[in-house]
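Q: Please take a close look at a single part of this model: the contact between the chains. I would like one connected account, with the surroundings included where they help.

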Amino acid sequence: MSNKAKNWLGRVIVLAALIFLPHVIKDRYFMHIVVTAGIFMILCMSWNLLAGYAGLLNLGHAAFYGIGAYTSALLAMKLGVSPWFGLFAGGLVAAFFGFLLGIPSLRLSGPYLAITTIGFAEILRLVAVNWVSLTRGSLGLSGIPLLTPIKWGNWSFKFYLEKDYYYVVLAAAVITFFCIRRLTGSEFGVSLQALRDDEPGARSIGIKTTGYKLAVFTASAFFAGFAGALFAHFARLVSPETMALHTTMDILTMTMIGGLGTLAGPILGAVTLTFFSEWLRYLEEMIKLDIRPVVYGFMLILTILFMREGLAGILRRLTERLRGGRPVSKGERKQ
Amino acid sequence: MTEILRTENLTKSFGGLCAVKDVSFSIEEGNIMGLIGPNGAGKTTLINLISGAFPPSSGKIVFAGRDISRCKAHTANNLGIARTFQIVRIFNKLTVRENILAGLVDRRENGPWKLMGKAMFSKYFSVIDNEKACGEADRLLDFVGIGRYRDEQAENLPYALSKRLEIARAMATQPKLLLLDEPSSGLNPAELVDQIELIRQINRQGITILIIEHVMKVIMDISHQLIVLHYGEKIAEGDPMKVYTDPQVVEAYLGDDTDAAH
C-alpha cells in the first residue's frame with residue numbers, strides 16, 4: 001500500500017472511531033468532559049499558532065475567547081440572531097480585536113508583549129464586569145439559546161444533549177486543525193517560524209515582519225473567538241471570569257505540556273489535561289485542598305526542563321523507535 | 001559598466017557618536033567591493049544602512065537608479081539587496097532546507113495577507129511537498145556545499161557551515177547586490193580557501209558583492225575595488241594594491257608613529 005493510501009486509511013479509521021464514540025460511551029458526564037476538551041483543543045491550537053509558530057507570547061488569549069462567547073450570546077439573546085451565524089460572528093469580532101492587539105505587538109517583544117496582552121485581557125474583563133446593562137456584570141449571561149435544530153426535509157437534528165454538541169465540536173476541531181495545518185505548513189507558516197527564530201534575519205530575506213504579526217494575531221483570535229462562541233451555546237452561561245488570566249494559563253499549560261510549536265501538541269495537551277483535571281477534582285474533594293494550580297505549575301516546570309517538545313515529542317520518538325532504526329531528525333520525517 | 005549602488009554624504013549618528021560620517025562611494029555592477037578598516041570604523045553600520053536595518057541620519061543611498069534611503073529592510077531585499085550578518089542569524093528551529101525555502105518565497109508579489117489567503121484556499125499549500133521549490137533549495141545547498149545536511153535542524157550545523165547556509169539563504173532571494181559582513185570570521189585556513197572560492201563563484205553569476213573582511217589575504221585576493229573607513233570616514237578607495245600602500249591607510253592601521261615600525 002502506498003504511503004498516501006495508508007495516510008487516508010488512518011484518517012478514516014480515526015474519524016470513524018470518533019463518530020462512533022458517543023454510541024459506545026453513553027455517560028453524559030463523560031461526554032461533557034469530552035466536549036470541554038474539544039473546545040479547549042480549538043483554543044490551544046489557536047494559541048499555539050501565535051506562541052508556538054510565530055513566537056508571540058500572548059497571555060491575553062482568554063479575552064478573544066470571551067469576546068467570541070459574549071458576541072454570539074448577545075447576538076442571539078438581544079437580536080435573535082441564529083447561533084450558527086453567531087459562531088462565525090464571534091470569530092470575526094474576536095479577529096478584529098486580535099488585529100487591534102496586534103498593533104502594539106509590532107513594537108513589543110518577549111516579556112513586554114506578555115504584560116501588554118495581560119493588560120488587554122484584564123481591561124476587557126473589567127468592561128464585562130462594569131457594563132451591567134449589556135452584560136449583567138459579574139452575574140454573567142445565563143440562559144443563552146441552544147444551537148437551533150438543523151432541518152433537511154423530514155429529517156431534523158436537535159441540539160440538546162452533550163452528545164449532540166459533541167458532533168458540532170468535533171467538526172469544529174477538525175476544521176480548525178486542517179486550517180492551522182495549512183497555515184503552518186505553507187509559505188506563510190515558514191515565514192512565521194522564520195520571524196520567530198530571528199527577526200532581523202527574517203527581515204533580511206524580505207519578510208515584512210509587521211504584516212505577518214498582524215495577520216497571525218488576527219487569524220489566531222478568529223479561532224479563539226469561534227471556540228468561545230461554541231462554549232457560549234454549549235454551557236449557556238458566560239461570565240467575565242471566562243476572560244480571566246487563569247483561562248489563559250490553562251491554555252498555556254495544555255499547549256506546553258502537549259508540545260509547543262507542534263501540530264499534535266495542542267490536541268494531546270487539551271485532552272490529557274482536561275481529563276486529568278477532572279480526576280484532580282475528585283482528589284481535591286477527598287483531601288479538601290486546592291492542589292490543581294500547584295500540580296499544573298509543577299508539570300509545566302518539568303516539561304520545560306525535560307521535554308521541550310512535550311507529549312508530541314515523546315509520541316514521535318516512540319513511533320520512530322517502534323518503526324526501528326535510529327531516531328530521525330525533524331526534516332527527514334517529512335520525506 | 002554601470003553603477004549599481006551609490007551613497008551620497010551618508011551619515012549615521014547614534015546619540016553623540018558618529019558611526020558613519022559623510023561617506024560617498026559607488027559600486028559598479030558585477031564588481032566585488034572590499035570594505036576594510038580598523039575595529040569600530042563603522043563598516044557594519046554602513047552595511048546596516050544600505051540594507052535598511054535602520055535609516056541614515058542624513059545623506060542618500062541610490063540603488064539601481066532608485067533612492068532607497070528610507071526603505072525598510074524587507075523592502076530593500078525585495079528590491080534586490082541581500083545580506084549576511086557578522087554573527088550568523090539563521091532560523092535555528094527550521095531545517096536547513098526550510099531556511100532556504102523561507103528565502104525562496106516570492107515576496108515581491110506576495111504580502112503576508114495574500115500568502116495567508118493562499119495557504120487557506122490554494123489546492124497545494126505545503127512548502128515541503130513543493131517539488132520545484134525543494135529542488136531549487138537543494139540546488140542552492142549543493143552550490144554552497146551543504147546539500148547533505150538539508151534535513152538537519154539548522155541549529156545543529158557547525159559554525160562554518162551555518163555561515164554557508166546564511167549565504168545560500170541570501171542567494172535564495174535572487175539578489176542583484178550581496179552584502180557580506182565578515183564571511184570568513186571564525187574559519188580555519190582550509191575553510192577560508194573554500195569560502196573565497198564560493199564568493200568568487202557567486203560573483204561570476206553576475207551578482208555584485210560588497211564585502212567586509214578582516215583577513216587581508218582574502219580581501220586583497222578577491223576584491224576589484226577597495227574602500228577604507230576610519231572613525232566613520234572614508235580615507236581611501238580604489239585599486240586594492242594602491243590602497244594597501246596608501247600612507248593614510250597604513251597610519252590608520254599601525255598608528256601615526258611610523259618611526260616605531262623601524
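**The contact of chain A with chain B**

A: The C-alpha centres of domain 1 and domain 2 of chain B lie 29 Å apart. All of this concerns a predicted model. In the domain assignment of chain B, domain 1 is made of two stretches, 3-90 + 177-261, and domain 2 covers 91-156.

The contact itself takes 31 residues from chain A and 39 residues from chain B. On the side of chain A that touches chain B, at least two residues each come from helix H7 (162-185), helix H8 (187-197), helix H9 (199-204), helix H10 (209-235) and helix H15 (330-333). H8(A) gives the largest share of that side, with 8 residues. Sorted by class, the side of chain A has 11 nonpolar, 11 polar and 9 charged residues.

One helix pair within this contact can be described in detail. The axes of H10(A) and helix H4 (residues 112-121) of chain B come within 8 Å of each other, and they cross at roughly 45°. An angle from 35 to 65 degrees counts as oblique, and H10(A) and H4(B) are therefore oblique to each other. From H10(A), the residues A:Gly211, A:Tyr212, A:Ala215 and A:Ala219 take part; from H4(B), they meet B:Pro112, B:Trp113 and B:Met116. By class, this helix contact has 6 nonpolar, 1 polar and no charged residues.

H10(A) also appears in the largest nonpolar core, which has 165 residues. A:Ile42, A:Leu43, A:Ala227, A:Leu230 and B:Ile209 are the members of this core that touch the most other members. H10(A) supplies the largest share of the core, 17 residues, and domain 1 (3-90 + 177-261) and domain 2 (91-156) of chain B each add at least three residues. As for A:Ala227, its contacts include A:Ile39, A:Ile42, A:Leu43, A:Tyr65 and A:Gly68, leaving aside residues up to four places away in sequence.

Two backbone details of chain B complete the account. B:Gln174, in the loop between helix H6 (159-172) and strand E7 (177-181) of chain B, has a positive phi near 50° and is not a glycine. Because B:Gln174 has 13 C-beta neighbours inside 10 Å, it counts as partly exposed. B:Glu182, in the loop between E7 and helix H7 (189-204) of chain B, likewise has a positive phi, about 50°, without being a glycine. B:Glu182 has 21 C-beta neighbours inside 10 Å and so counts as buried.

Definitions and conventions. Residues are numbered from 1 along each chain as its sequence is written. Chains are lettered from A and ligands numbered from 1 in the order in which they are written. This is a predicted model: local features need pLDDT of at least 70, side-chain atom pairs count only at pLDDT 80 or more; totals for chains, interfaces and linings use all residues. Two residues are in contact if their C-beta atoms, placed from the backbone, lie within 7 Å. Helices (H or I, at least four residues) and strands (E, at least two) are DSSP runs, numbered from the N terminus. Ala, Val, Leu, Ile, Met, Phe, Trp, Tyr, Cys and Pro count as nonpolar, Asp, Glu, Lys and Arg as charged, and the others, Gly among them, as polar. Domain bounds come from an automatic or database domain assignment. Axes are lines fitted to C-alpha atoms, for helices over the stretch in contact, and angles run from 0 to 180 degrees between N-to-C directions. Angles under 35 degrees count as roughly parallel, over 145 as roughly antiparallel, 65 to 115 as roughly perpendicular and the rest as oblique. A nonpolar core is a set of buried Ala, Val, Leu, Ile, Met, Phe, Trp, Tyr and Cys residues joined through C-beta atoms within 7 Å. A residue is buried if 20 or more other C-beta atoms lie within 10 Å of its own, exposed if 12 or fewer, and partly exposed in between; C-beta atoms are placed from the backbone.
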